[in-house]
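Please open the model in a viewer and keep the selection panel at hand. The stops below proceed from one strand to the sheets and helices.

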Amino acid sequence: MGEASKDLLRLARNLIAFDSRSAVSNREIADFLQSELIGFEIERLDFTDAAGVAKSSLVARRGKGGQGGLAFSGHMDTVPPAGWNRDPFAARVEGERLYGLGSADMKGPIAAFITAARDLPEDVPVMLLLSCDEETTKAGARHIVAESHVLKAQNPDLILVAEPTELTCVRGHRVDIQFIAETVGIQAHSSLPHGRNANLDLIPFLADMRALHLKLRTERASQDVAYTPPWCDLSIVVNNHGAAPNITVGKATCHMKFRYSKAIDPAWVVEAVERSAKAHGVTLEVRPEGHAPELAADHIYVRELEKLSGKPARVAGFGSDASQFSAVAPCLLFGPGSMAQAHQPDEFISLFALQDSVSLYRQLASRFATRK
Ligand SMILES: [Zn+2]
């Protein structure tokens, strides 16, 4: 293993060692990343998340090549480890695999683009967008888009989101709108007369949501054949907050997630849900995630990444920070590792893929530097 590869592995191992699950503070891993980015101009965006936890996003840039160029995006947070047979925070190399929580999603890819960016010639402008809370609210990327002066000043030509795509160009993905519908009754012993079951108000709303769910599956106009499955899913979850049959239900919540791609206008779905909630006296909260990112199959950047990787571009069902960053620049997803390992026990990344990605990232940053 050469010096550069050792450096890459050291960085990936160090990142895995930090507990940066979305629910805890990421300040320590942000401090560490900042210390690794010597020679970069760094903008640090500190904030407190909705649960009162201290969080930080980082924006870094280097190179004297002027505006534009390539930006790499990565998230510092991970999902919680579930079902692991190893210590999720103790990175381990076995054969050609690096095991650890976030090795693929996405501490390994972050280590790869930092390694690539550090060694670029001075005349190649490069930018790093390091977010948090990607796995939950996208709050880290939202703060970058809303507040970063460095991002506005640099105005990158392309933001490459380094999610684990097996070094295949993902040119678009779905985003979601979440709906939280709620009805309140009066909780009581169900043998007594004064209770009022909250489900009675929710059930007519649910009947409408069932019809909407089925309509989305059959109506061609609201489908996008580029995606698998072609229909937009409306996932419906119903919660009675632990009520048993001898309890009159005091509160009923229906939590729904509607996923759609760029070709689909979600407005009629939102209107249908709002109309039904209003008609049945259901309180409703609507939480849109952001923009559905997608570049056309024949877009020049898509073609460029296809040539570089030797593989055809595709679209994907999973989400990423591109739902936020596509508001400011074109976004593509391209990273080592596989989504098949992400969010799985004993997550790993291939060391070969990790090393390959460093040279691909370097080539790509250099091409974008000479684009104008
Ligand atoms: Zn990810």
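**A guided tour of strands and helices**

Begin by selecting phenylalanine 72 and leucine 128: leucine 128, in β6, is the bridge partner of phenylalanine 72. The model is a predicted one, in which local features need pLDDT of at least 70 and side-chain atom pairs count only at pLDDT 80 or more, while totals for chains, interfaces and linings use all residues. Residues are numbered from 1 along each chain as its sequence is written. Helices (H or I, at least four residues) and strands (E, at least two) are DSSP runs, numbered from the N terminus.

**First stop: strand β6**

Extend the selection to strand β3 (residues 70–75), which runs parallel to β6 and is joined to it by six bridges. Two strands count as paired if DSSP finds at least two bridges between them. Next add strand β2 (residues 54–62), whose pairing with β6 is antiparallel and has five bridges. On that side, leucine 128 in β6 has alanine 60 opposite it.

Now select residues 126–131 by themselves. Is β6 buried or exposed? Six of its six residues are buried, so the strand is largely enclosed by the rest of the structure. Here a residue is buried if 20 or more other C-beta atoms, placed from the backbone, lie within 10 Å of its own, exposed if 12 or fewer, and partly exposed in between. In a regular strand, side chains alternate between the two faces of the sheet. In β6, Val126, Leu128 and Leu130 point one way, whereas Met127, Leu129 and Ser131 point the other way.

**Second stop: a three-stranded sheet and its helices**

Select β4, β5 and β17, which form an open antiparallel sheet in that order. The edge strands, each pairing on one side only, are β4 (92–94) and β17 (348–350). From one strand to the next the twist averages 25°. Strand β5 (residues 97–99) is held to β17 by three bridges, and arginine 97 stands opposite serine 350.

Add helix α3 (residues 103–118), which lies across β5 and β17 at about 50° to β17. Such angles run from 0 to 180 degrees between N-to-C directions, with axes fitted to C-alpha atoms, for helices over the stretch in contact. Then select helix α1 (residues 3–17), which packs against α3 at about 140°, the axes being 9 Å apart. That makes α1 oblique to α3 (angles under 35 degrees count as roughly parallel, over 145 as roughly antiparallel, 65 to 115 as roughly perpendicular and the rest as oblique). Among the residues that meet are Leu8 and Leu11 in α1 and Ile110 and Ile114 in α3; contact requires C-beta atoms, placed from the backbone, within 7 Å.

**Third stop: a four-stranded sheet and its helices**

Select β11, β13, β9 and β14, an open sheet with antiparallel pairing in that order. Its edge strands are β11 (234–239) and β14 (283–288), and its twist averages 15° from one strand to the next. Strand β9 (residues 175–184) pairs with β14 over six bridges, with alanine 181 opposite leucine 284. Helix α7 packs on this sheet, touching β9, β13 (251–260) and β14.

Finally, select helix α6 (residues 199–218) together with helix α7 (residues 267–279): their angle is about 160° and their axes are 9 Å apart. That makes α6 roughly antiparallel to α7. Phe205, Asp208 and Leu212 of α6 make the contact with Val269, Ala272, Ser276 and Ala277 of α7.

Definitions and conventions
Contact = placed C-beta atoms within 7 Å.
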